[in-house]
Every structure is written in structure tokens, then in C-alpha cells.
Amino acid sequence: MISFTNRVAVITGAGRGLGAGYARLLASRGAAVVVNDPGVASDGTATEATPAEEVAAEIRAAGGMAVAEHSSVATPEGGAAVVQKALDEFGRVDILINNAGILRDKAFHNLEWPNLDAVLDVHLRGAFYVTQPAFRAMRAQGYGRIVLTASNAGILGNFGQANYGAAKMGLVGLMNVLRHEGAKYDIKVNTVAPVARTRMTEEILGPAAARLDPEAVAPVVAYFCSAECAVNGDVWSVAGGNVSRFFIGRTAGYFKHPGGEGGLTVEDVAGHVDAIRAEAGYTVPGSVQEELQGMAPLLFS
Ligand code: NAI
């Protein structure tokens, strides 16, 4: 049985939806949880709601350990305050789940800059602001588990979500770097791309919504947060009972020796589109170095 006893978890946007499910599951297995949530509307505008209090109270009533925290992750001060709450209340931070999110969907030609800023601030900059103080604490203690939340809207693309999709893929880039920087300190960084019925999606999922329980995402995120987690730098798609891995592959491609026949021409490219794109024999380089090593036999032959 995978346990979180003596582990301290910070979960952003944990007052509702997916984040609340993560908080309940980790707390039920022994984690002390900081339930962060300012209780905003789906578009990030202020409300009077106090969902973080409710989730923390529910966890405590069930015998678990939890405190509510109300900062917005969208400023450096807010991010620092979220992590400081864990240090003040529980003395450490072992787990960070960057889950807070809003939507400001607009077709790209109609996108106004405030709707770009709001989405980047919560999803992308917010993850930087919370993760940096947590990462420093994890580095110092030589242990950490960080989860980022992407979306198929960015990984695959979805109409009307240019701001959101770009922010979500930005998080994949952040993960790719942090997994290298944290590896020496037993910090593992992985990304979940969930599909679940929450207030964010209830209008778009249609009949599938009934099967897409947010609680079904929590076991995967809990695995990423566990000492037993065997992966670092993975993106997993989670929907209902389905768990899959997304990855960025590099095709074998087309090669023309740079020293021969005047080098690569535009016509060479145009004439080899199928070879460049062919998926047979692709590789999944784990780092910039691995990609370059893969090219070396060709370049230096
Ligand atoms: P939700 O709207 O139920 O929960 C998001 C929570 O984040 C809310 O309680 C909200 O108050 C909080 N939040 C918003 N701005 C915040 C800020 N500045 N600081 C701290 N908390 C803030 O939505 P849901 O579906 O649970 O979303 C959770 C995450 O999963 C989001 O990052 C979302 O983009 C992502 N996601 C969800 C999908 C789904 O199918 N539900 C699909 C793909 C990604």
C-alpha cells in the first residue's frame, strides 16, 4: 500500500474539482495537506466562495491533516505564501501539485491581451511562482515530487484555446527542464493531462461526462507524488479509467551530408516531406544531449 505518512503536500486550486480530489486522496493516506484556493470563478474573477476552507475542514473531520490557504498563485508573493504555509504549519514540503487553473477561451483573432495575461499568470507564471520556493526546499532536503497540469488543449490543440493551450504546453517545457535540474536531489517532476467532469468542462464533455469522474484522476497524480514513483519527466493522459503516456518523438527523418553536393536545398526538403515525417523508427530523446548523440553518427560519418 502506497502511503504518504509524514509527507507534506501543497496542492494549488484544491478547493474544487480535480485538486479537491487529490487533497482528499493524499490526506486519506497520511499526508498533511495545504489546500490552496482563493475561490475564484472559472474565469479567475473574484467571488466570496471559500472552497479551500470546506475541503480542509472535510479532511480534518475525516481524521486527516489539512490547512486552507487563500493566496492567488498568480503573483510571486502569492506563490511564496502558499509554500510558506506548508513550512509554517508542517515544517517541510515534500509534494507540490500545480493544479490551479482558469479559462478565458476566445478564438485567436478575437483574443484580447488581458485574457492572455490572466491565463498565463495563473497556469504558467503561477507554476513558476509556487514551484521555485518548493523546489528550493526540496533541493535542500534531497527529496521532492512535483506535478504539473497540462491539457490536451495544448498538447494536441483545441479551437478557441490559444492562451490556455500555450500556457499548458509551457508547463511541459518547465517540466522538461526541472526534471534534469532536480534529478540529483531525488526531485521527480511529472505532468498530468486530465480529462474530467468539473465546472471547467461540464458544458463541453457531453454524454461522456458521466463516465469522467474527477476522482478517477487522483490515483495517477498520487502515484506521481509517491516515493514509489518510477518516472521523471513523463506526461500522462488520464481520463476515466484510462492512463496513457504522451511523448515527443523524433523521426529518423531525412539526412543529406552537410559536406556533400552543396548541402541541403529547399528542393531536398520539398522532395522528402514524407521521409521527414515518417513515424517508423522514431526515437524519444530524453535530453538535448541524447538528441545530439543520436545525430552524431550521421554528422561525423
Ligand atoms: P476547477 O475550476 O474545478 O478548479 C480549479 C481551481 O483553481 C478552482 O477552485 C479555482 O478557484 C482555483 N484557482 C483559479 N485561479 C487560481 C489562482 N490564481 N490561485 C489559486 N487557485 C486558483 O477546474 P478543474 O477542472 O478541477 O481544473 C484543475 C486543473 O486541471 C486546471 O489546471 C485545469 O486547467 C486542468 N485541466 C482540467 C481538465 C478537465 O477536464 N477538467 C482538462 C485539462 C486540464
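Which residue has a polar side-chain atom 2.6 Å from an oxygen atom of the ligand? I looked this up first in what is a predicted model, and the residue is Tyr 164.

**Entry: polar contacts to the ligand**

I then went through further contacts to ligand oxygen atoms. Lys 168 places a polar side-chain atom 3.0 Å from an oxygen atom of the ligand. At Val 40 the partner belongs to the backbone: an N or O atom there lies 3.2 Å from a ligand oxygen. I also looked up how far the ligand is covered. Its area when taken alone is 820 Å², and the protein buries 97% of that.

**Entry: the shell around the ligand**

I counted 30 residues around the ligand. Those that come nearest are Asp 37, Asn 99, Tyr 164, Thr 198 and Arg 199. Tyr 164 thus appears in this group as well as in the 2.6 Å contact noted above. By class, I find 13 nonpolar and 13 polar residues in the shell, together with four charged ones. I asked which elements supply at least two shell residues each. They are the helices α1 (17-28), α4 (113-141) and α6 (162-183), and the strand β6 (187-195).

**Entry: the largest pocket**

Which pocket corresponds to the space taken by the ligand? I find that this space is the largest pocket. I note its volume as about 910 Å³. Its lining comprises 48 residues, and Gly 101, Ile 102, His 123, Tyr 164 and Met 200 lie nearest the centre. Two or more lining residues come from each of α1, α4, α5 (152-157), α6 and β6. I sorted the lining by class into 21 nonpolar, 19 polar and eight charged residues.

**Entry: the second largest pocket**

I turned next to the second largest pocket, for which I record a volume of about 590 Å³. It is lined by 23 residues, and the closest to its centre are Asn 176, Arg 179, Ile 248, Val 284 and Pro 285. The elements giving at least two residues each to this lining are α6, β8 (242-246) and α10 (288-299). Which of them gives the largest share? I find that α6 does, with seven residues. Helix α6 also supplies at least two residues of the ligand shell. By class, the lining of the second largest pocket has twelve nonpolar, six polar and five charged residues.

**Entry: the cavity**

How many cavities of 30 Å³ or more does a search of the whole structure find? I find one, and the largest cavity holds about 70 Å³ of space. Of the 13 residues that line it, Asn 98, Asn 99, Ala 100, Val 122 and His 123 are closest to its centre. Two of these recur in my earlier entries: Asn 99 is among the residues nearest the ligand, and His 123 is among those nearest the centre of the largest pocket. Helices α4 and α6 each give at least two residues to the cavity lining, and α4 gives the most, with five. I divided this lining by class into six nonpolar residues, six polar residues and one charged residue.

Methods
Residues are numbered from 1 along each chain as its sequence is written. This is a predicted model: local features need pLDDT of at least 70, side-chain atom pairs count only at pLDDT 80 or more; totals for chains, interfaces and linings use all residues. Side-chain values use heavy atoms; hydrogens and water are left out. A residue is near a molecule or strand if one of its heavy atoms lies within 4 Å of it. A polar contact is a pair of N or O atoms within 3.5 Å; within protein, one must be able to donate a hydrogen and the other to accept it, and residues adjacent in sequence count only if both atoms are side-chain atoms. Accessible areas come from the Shrake-Rupley method with a 1.4 Å probe; for residues, only the protein chains shown count as cover. On a 1 Å grid over the protein atoms alone, a cavity is a set of points where a 1.4 Å probe fits but cannot get out, and a pocket is an open set with protein on both sides within 12 Å along at least five of seven lines; lining residues have an atom within 4 Å of a point. A molecule sits in a cavity or pocket if more than half of its atoms lie within 2 Å of its grid points. Helices (H or I, at least four residues) and strands (E, at least two) are DSSP runs, numbered from the N terminus. Ala, Val, Leu, Ile, Met, Phe, Trp, Tyr, Cys and Pro count as nonpolar, Asp, Glu, Lys and Arg as charged, and the others, Gly among them, as polar. Grid points are joined across faces, edges and corners, and a volume is the space filled by probe spheres set on the points.
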